[in-house]
Amino acid sequence: WKSNDDLYLRMMEMIKTALSMNTKNKLVVFLWHQGEKDATLNADFQTHYYNLSTLINNVRTTFDCENLPFIAGDFVHHWKSVNMEICSPVVNAIKEVCSTIGNSMFVETTGLQSNDQKIGNQDTIHFCRESLFQLGMKYFSAFEHLTPVN
């Protein structure tokens with residue numbers, strides 16, 4: 001997700017394509033729910049903060065939407081609690097980005113179950129279906145908070 005990575009380049013191209021398909025199309029929010037891989041690679045706070053804030057600022061600048069809402073969420077607590085040492089720098093960086101870049105929110109995930117907690121399949125890093133629905137509602141509430149209707 002760095003500016004020269006394939007996923008970043010593909011994301012930017014997909015946004016450009018979507019915007020070009022209809023003059024009424026517009027970018028309305030940037031949702032982010034990543035970081036577990038960076039945690040497993042022992043990412044430090046400063047690097048994660050820099051990469052994430054750069055990503056958001058690049059999108060906002062490239063698409064001329066300086067106030068584009070940014071919403072990010074915490075990891076699955078089941079997985080995070082077992083991996084707190086590697087998770088803390090990444091999650092803290094995400095929270096700090098949310099508190100410094102403007103028009104953004106961090107969504108807490110306390111109480112949302114992992115797949116393993118729900119169905120016992122050893123998948124502790126992903127939310128179960130019901131938790132994904134609840135997480136989506138939390139993201140939507142954050143979006144409504146950041147973009148109040150006049």
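So, the crossing of α3 and α5: in this predicted model, that crossing is right-handed. The residues in contact are F45, H48, Y49, L52, S53 and I56 on the α3 side, and on the α5 side P89, V90, N92, A93, I94, E96, V97 and T100. If you sort that contact by class, you get nine nonpolar residues, four polar and one charged.

Now the geometry. Generally, for two packed helices you quote the angle between the axes and the distance between them. Here, α3 covers residues 45-62 and α5 covers residues 84-100; the angle is about 40°, and the axes sit 8 Å apart. That angle is why we call α3 oblique to α5.

Okay, on to the sheet. What's the strand order? It's β1-β2-β3, an open sheet of three strands with parallel pairing. β1, at 30-32, and β3, at 104-107, are the edge strands; each has a single partner strand, so one side of each has no neighbour in the sheet. On average, neighbouring strands are turned by 15° against each other, if you ignore direction.

Let's zoom in on β2, residues 70-73. Four bridges tie β2 to β3, and the two run parallel. To pick out one pair, G73 has V107 in β3 as its bridge partner.

And how do the helices sit on all this? α3 packs on the sheet and touches β1 and β2, with its direction at about 160° to that of β1. α5, meanwhile, lies across β2 and β3, and runs at about 150° to β3. So β2 is touched by α3 and also has α5 lying across it.

Notes: Residues are numbered from 1 along each chain as its sequence is written. This is a predicted model: local features need pLDDT of at least 70, side-chain atom pairs count only at pLDDT 80 or more; totals for chains, interfaces and linings use all residues. Side-chain values use heavy atoms; hydrogens and water are left out. Axes are lines fitted to C-alpha atoms, for helices over the stretch in contact, and angles run from 0 to 180 degrees between N-to-C directions. Angles under 35 degrees count as roughly parallel, over 145 as roughly antiparallel, 65 to 115 as roughly perpendicular and the rest as oblique. A crossing is left-handed if the near helix is turned anticlockwise from the far one by less than a right angle, and right-handed if clockwise. Contact means heavy atoms within 4.5 Å. Ala, Val, Leu, Ile, Met, Phe, Trp, Tyr, Cys and Pro count as nonpolar, Asp, Glu, Lys and Arg as charged, and the others, Gly among them, as polar. Two strands pair if DSSP finds at least two bridges between them.
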